[in-house]
Amino acid sequence: MATIATISSSPSDPSRTDAVLEYVTKRLISHGHTVPPIVLRDLSAEPLLRGRADDPEIALAVKVLEAADAVVVTTPVYKAAYSGLLKVFLDLLPQYALRGKTVLPLATGGTPAHVLVIDYALRPVLTSLGAGAIGQGWFVLSSHIRLYDGGGLLLDPAASVPLYQVTEAFLATVEGSRPAESVPVQLAGIEAVRARPEDPEAAPLLADLVVEYSTRYGRTNENTQLTEVPPSDFHPERGGAFVLLRYGGRTVAGGAIRRYDDQTAEVKRMWTSHLHRRQGLGRRVLTELEAAAIDLGYRKLCLTTGPRQPEAAGLYLAVGFEPQFDTSADPESIGPLRFTKDLSVALKVAS
Ligand SMILES: Cc1cc2nc3c(=O)[nH]c(=O)nc-3n(C[C@H](O)[C@H](O)[C@H](O)COP(=O)(O)O)c2cc1C
């Protein structure tokens with residue numbers, strides 16, 4: 001496993017750039033890497049501005065950087081370039097401080113006019129510091145970043161999907177593995193398998209859901225850690241099912257049901273890989289789960305989804321689930337959103 005240092009260089013707190021970095025950090029940690037943070041606004045201003053690299057705080061930050069195998073450098077765009085805070089820190093570093101290190105540059109900015117800041121401003125400096133491989137990087141528009149009071153981040157899919165892709169590519173370079181590709185899936189090549197949550201093929205689904213939920217809701221609890229339900233609830237002998245869609249040797253989507261009551265199964269763990277969204281995989285998972293529910297003798301499905309999962313709520317409405325709440329209200333004011341679906345129509349068609 002690698003050590004991946006992160007550099008946060010916004011003077012703001014709370015910071016949109018930091019929120020994006022926190023999300024990426026969770027993904028790196030979920031791959032088993034150690035991720036020490038360097039938060040530049042927390043360093044004392046006086047030694048930073050006077051270029052005193054021997055100051056203990058600054059020396060420690062430099063040491064963290066030196067010890068890292070890879071670095072995520074983040075910055076808000078200020079005046080068409082990276083932040084001044086980042087510049088004063090980079091100016092303190094030894095000439096080849098990034099020698100041999102893989103670097104992922106990320107920026108946030110208010111206007112698409114400055115989308116190339118990473119390439120024209122940041123990349124040359126990283127190169128001059130000797131960076132080994134500099135990843136593609138990504139610029140996230142601040143209008144695509146929704147921060148909630150009390151914590152939590154919702155990224156627009158226009159940002160979350162490419163951010164996921166560049167993070168995957170960065171991780172593949174760090175780990176020396178082949179990056180998963182974001183190619184359209186051929187529906188005929190998808191295999192639906194009934195699995196168990198303990199199977200290694202289920203691991204990407206569970207790991208990604210933990211990252212997504214803890215990021216969106218800004219907290220760590222049994223719901224965001226997926227410990228609110230014992231995995232055995234998804235075993236067929238307990239009236240559950242765990243379905244995975246596999247494509248090209250990888251798990252690309254999945255979901256589960258568990259017994260709610262004699263007549264009803266509850267849908268849980270719905271997930272589609274960021275590399276394969278908007279291709280109908282969520283619908284396919286629900287079709288497989290409905291079939292599994294009917295096999296197990298259920299006549300109804302129910303589920304709750306969180307208020308910060310607009311894409312999930314949209315999917316359930318699109319496939320005939322009935323909302324048990326006021327759809328015109330702000331989801332944040334409702335909390336968990338409950339849906340139900342009667343399977344008797346599907347049962348009649350089947351018989
Ligand atoms: C002083 C200042 C200068 C800025 N200049 C630019 C700019 O030139 N181009 C741009 O796209 N956004 C600019 N912005 C907007 C920020 O880049 C954007 O809001 C960013 O997401 C802020 O990140 P933060 O919350 O981490 O500080 C500027 C913001 C500030 C405060």
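Modeller: Buried means under 20% relative accessible area, exposed over 50%, and partly exposed in between (1.4 Å probe, protein chains only). This is a predicted model; local features need pLDDT of at least 70, side-chain atom pairs count only at pLDDT 80 or more, and totals for chains, interfaces and linings use all residues. Residues are numbered from 1 along each chain as its sequence is written, and side-chain values use heavy atoms, without hydrogens and water.

Colleague: Why is Arg 216 called buried?

Modeller: Its relative accessible area is 8%. That falls under the limit, so Arg 216 counts as buried. Glu 212 is buried too.

Colleague: What makes Arg 216 and Glu 311 a salt bridge?

Modeller: A side-chain nitrogen of Lys or Arg must lie within 4 Å of a carboxyl oxygen of Asp or Glu. Here N to O is 2.7 Å, so the pair qualifies. Arg 216 sits in helix H7 and Glu 311 in helix H9 (residues 310–318), so the pair ties together parts that are 95 residues apart in sequence. Helices are DSSP runs (H or I, at least four residues), numbered from the N terminus.

Colleague: And what is Glu 311, buried or exposed?

Modeller: Neither label fits: at 39%, Glu 311 is partly exposed.

Colleague: Which other salt bridge does Arg 216 make within helix H7?

Modeller: Arg 216 also meets Glu 212, at 3.3 Å, N to O. The two lie four residues apart, about one turn of the helix. Glu 212, Arg 216, Arg 277 and Glu 311 are linked in a network of salt bridges.

Colleague: How do you know that Asp 262 is exposed?

Modeller: Its relative accessible area is 57%, which is over the cut-off, so Asp 262 is exposed. Its salt-bridge partner, Arg 259, has its closest N 2.4 Å from the O. At 42%, Arg 259 is partly exposed.
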